[in-house]
Amino acid sequence: MTASRRSDIAALQVHRYHETPTIAVDEIPPPTCGPHDVVVAPRAAALHVADLLMMKGEYQVRPELPFVPGMEAAGLVIQVGDQVAHVACGDRVLAVMPQGAIAGAAVVPGAQVARIPDSMTYSAAATFGIAYFTAYAALHFRAGLRAGETVLVTGALGGVARGVAQLAKAAGATVLAASRDLAEARSELREHVDKVVDADPDSIAQVIKRRTDGRGADVVVDVVGGPLLGQLVRATAWEGRLVIVGFAAGTPSPIKPGHLLVKNISVSGLQSTDYWSRCPDRVQAALGHLLSLVDAGALSIPEPREFRLDEIGLAMRAVTESSSRRGVVILIDQGE
């Protein structure tokens, strides 16, 4: 195992769960690297809605207090476990993790770390791993996407939906994206989708059928839920696959079993973080493939909004702004 400096590191820590959580920048001991782990010195760490929920104690996981938030980061490898061979000290990498990213150093299982291209900024890489791995898992692990099929994705302006659209296009699919903000979606996604359609539950099934000569979409990836979900089944083709990723619009409407039966439709759920511990080899392979697409110029990653660690309050507010489509990162000063 390679050696590393043992001095304390700066980290954002949550000390109390609350609607306005008690947080502070503290000096904490550096993480310990196991044989299958990698220690990364983040240059940028993403801040997501899920992080805010975790900081309030409202997420499905409640870490023991105090804890360091942040589920993904990008930076330099500073320590490598004996059983890790695909990265080395000094490599520029991204890393995904349950928490711990907003710190001067983070320990991560090796399979959840991947080298990033020289062309990719730390900030872009810090917001890439979870969204694009989720998109990849939805299309390839759950839906078994095939070239020539039609993909419909909801929540068109979100990070996962953007990833679904780009990855489906890269796989040779026709891509339809549903949004209630048609003007912005058409402007933002014009290079990545074949058509943006109105995400109106009352009309989406008819619109998709018209766009597909009556067939419907072969693969539907839904991140919205709410009243839209029940209508997406009607927009799905015979032997189509509907993948449920999230419920951004609230509790989903019921799915009628009869609609599934008469069209042989498969419905599956996706919690992409489960793959981290259950299928590490598949995670590592997927991240490698995704980053090779970035290197080849096949994926367009928007640069997120950047905030310093002492601007965490501003960063948290930016995450909650519906107008913020670019993602939010915290820049970590490594004192170099």
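# Exercises on helices, sheet and cores

Residues G129, Y132, F133, Y136 and F141 of helix α3 meet R282, V283, A286, L287, H289 and L290 of helix α10, where contact means heavy atoms within 4.5 Å. Helices (H or I, at least four residues) and strands (E, at least two) are DSSP runs, numbered from the N terminus. The model is a predicted one, in which local features need pLDDT of at least 70 and side-chain atom pairs count only at pLDDT 80 or more, while totals for chains, interfaces and linings use all residues. Residues are numbered from 1 along each chain as its sequence is written, and side-chain values use heavy atoms, with hydrogens and water left out.

**Exercise 1.** Determine how α3 and α10 are arranged, and which classes of residue make up their contact.

*Solution.* Step one: two packed helices are described by the angle between their axes and the distance between the axes. Step two: α3 (residues 129-142) and α10 (residues 280-295) pack at an angle of about 105°, and their axes are 10 Å apart. Axes are lines fitted to C-alpha atoms, for helices over the stretch in contact, and angles run from 0 to 180 degrees between N-to-C directions. Step three: α3 is therefore roughly perpendicular to α10, since angles of 65 to 115 degrees count as such, those under 35 as roughly parallel, those over 145 as roughly antiparallel and the rest as oblique. Step four: by class, this contact has 8 nonpolar, 2 polar and 1 charged residues. Here Ala, Val, Leu, Ile, Met, Phe, Trp, Tyr, Cys and Pro count as nonpolar, Asp, Glu, Lys and Arg as charged, and the others, Gly among them, as polar.

**Exercise 2.** Establish the strand order of the open sheet, and find which strands helix α4 touches.

*Solution.* Step one: the open sheet has 6 strands in the order β10-β9-β8-β11-β12-β13, with parallel pairing; two strands pair if DSSP finds at least two bridges between them. Step two: β10 (195-198) and β13 (266-269) are the edge strands, each pairing on one side only. Step three: within the sheet, β8 (residues 150-153) and β9 (residues 174-179) pair in the parallel sense over 4 bridges, and V153 stands opposite A177 in β9. Step four: helix α4 (residues 159-170) packs on the sheet and touches β8, β9 and β11 (217-222), its direction making about 170° with that of β8.

**Exercise 3.** Identify the residues with the most contacts inside the largest nonpolar core, and the helix that gives the most to this core.

*Solution.* Step one: a nonpolar core is a set of buried Ala, Val, Leu, Ile, Met, Phe, Trp, Tyr and Cys residues joined through side-chain atoms within 4.5 Å. Buried means under 20% relative accessible area, exposed over 50%, partly exposed in between (1.4 Å probe, protein chains only). Step two: the largest such core has 92 residues, and L47, M120, F128, F133 and L139 have the most contacts inside it. Step three: α3 gives the most to this core, with 10 residues. Step four: residues up to four places away in sequence not being counted, L139 touches G144, L145, V151, V164, L167, A168, V219 and V221.

**Exercise 4.** Decide whether Q112 is buried or exposed, and list what Q112 contacts.

*Solution.* Step one: Q112 lies in the loop between β6 (106-109) and β7 (113-115). Step two: with a relative accessible area of 5%, Q112 is buried. Step three: leaving aside neighbours within four places in sequence, Q112 is in contact with L94, A95, V96, M97, W276 and L287.
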